[in-house]
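Q: I would like to learn how to read charged side chains in a protein model. Where should we begin?

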Amino acid sequence: PVQATTISDLEKEKQELEKQKEEAQNKQKEESDKLNSVSGRIDSIQGDADAVAEEIDEADAALVETLASVEIIEEELSDKEEEIKVTTAEYEKAKEKEEEQYEAMKLRIKYMYEEGNNTVLEKIFTSGSIGEMLSQAEYIQNVHKYDRDQLNEYVETKEKIADLKEQLEEEQKELEATQEEF
């Protein structure tokens with residue numbers, strides 16, 4: 001069956017089809033705008049995620065650097081504590097040596113005071129021969145040289161003690177500064 005349609009029916013149908021076409025185009029435009037909007041938000045979120053990932057990488061790098069610094073400082077603290085132990089031991093040993101030298105010098109001075117210089121001259125003048133007299137003079141000269149050497153050694157020990165004490169104090173200050181930094 002062939003249907004005859006009139007021009008007005010066709011025009012109505014055409015208008016209706018054009019209206020549907022326009023509605024479809026509007027809907028397509030809306031969907032396209034929504035897609036573009038969602039795509040923009042996705043790009044923005046991806047950008048934010050990339051920025052956060054970069055911040056995390058920077059924080060990780062800073063953490064690794066901090067941990068390395070802490071390890072270095074702990075090693076420095078350990079080394080400084082060991083240096084302090086060594087210096088303290090040297091200081092104590094030097095103090096003991098000083099005390100021994102001081103006691104020996106006191107004893108020697110006491111002996112010299114009690115015996116006096118007369119015994120030295122008596123030994124030289126009461127010698128039986130010139131050889132014995134020279135031998136006594138040489139002996140006295142050696143004792144005198146020994147006394148001078150002991151005095152010089154005592155002075156050096158006192159200086160060493162002062163240096164070690166100063167070094168120890170400096171090492172203590174460095175240790176405290178490193179601990180504060182830590």
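A: Begin with the helices. Helices here are DSSP runs of at least four residues, numbered from the N terminus. Keep in mind that this is a predicted model.

Q: Which helix holds Lys34 and Glu31, and how many residues apart are they?

A: Both lie in helix H1, which covers residues 7-115. Lys34 and Glu31 are 3 residues apart, about one turn of the helix. Their side chains meet in a salt bridge, with 3.9 Å from N to O. The cut-off for a salt bridge is within 4 Å, so this pair counts.

Q: Is Glu31 buried or exposed?

A: Neither word fits. The scale calls a residue buried under 20% relative accessible area and exposed over 50%, with partly exposed in between. Glu31 has 41% relative accessibility, so Glu31 counts as partly exposed.

Q: How many salt bridges does the structure hold?

A: It holds 10 salt bridges. One of them joins the side chains of Glu153 and Lys97, at 3.4 Å from N to O. Glu153 lies in helix H3 (residues 130-181) and Lys97 in helix H1, so this pair ties together parts that are 56 residues apart in sequence.

Q: How accessible are Glu153 and Lys97?

A: Glu153 has a relative accessible area of 28% and is partly exposed. Lys97 is also partly exposed, at 39% relative accessibility.

Q: Which residue forms a salt bridge with Glu98?

A: The partner is Lys158, and the closest N and O atoms of the pair are 2.9 Å apart. Glu98 belongs to helix H1 and Lys158 to helix H3, so the bridge ties together parts 60 residues apart in sequence. The two ends differ in cover: Glu98 counts as buried at 8% relative accessibility, whereas Lys158 is partly exposed, with a relative accessible area of 40%.

Q: Which residues are joined into one network by salt bridges that share partners?

A: Lys80, Glu83 and Glu174 are joined in this way.

Q: What about charges outside salt bridges? Which residues form the negative surface patch?

A: A patch takes residues with over 30% relative accessible area and no salt bridge, and like charges are joined within 9 Å. Here a negative surface patch is formed by Asp48, Asp50, Glu54, Glu55, Asp57, Glu58 and Asp60.

Q: Where is Asp57, and is this residue buried or exposed?

A: Asp57 is placed in helix H1. Its relative accessible area is 52%, so Asp57 is exposed.

Key: Residues are numbered from 1 along each chain as its sequence is written. This is a predicted model: local features need pLDDT of at least 70, side-chain atom pairs count only at pLDDT 80 or more; totals for chains, interfaces and linings use all residues. Side-chain values use heavy atoms; hydrogens and water are left out. Helices (H or I, at least four residues) and strands (E, at least two) are DSSP runs, numbered from the N terminus. Buried means under 20% relative accessible area, exposed over 50%, partly exposed in between (1.4 Å probe, protein chains only). Patches are made of residues with over 30% relative accessible area and no salt bridge: like charges are joined within 9 Å, nonpolar side chains (Val, Leu, Ile, Met, Phe, Trp, Tyr) within 5 Å. Accessible areas come from the Shrake-Rupley method with a 1.4 Å probe; for residues, only the protein chains shown count as cover. Lys and Arg count as positive and Asp and Glu as negative; His and the chain ends are not counted. The place of a charge is taken as NZ of Lys, CZ of Arg, CG of Asp or CD of Glu.
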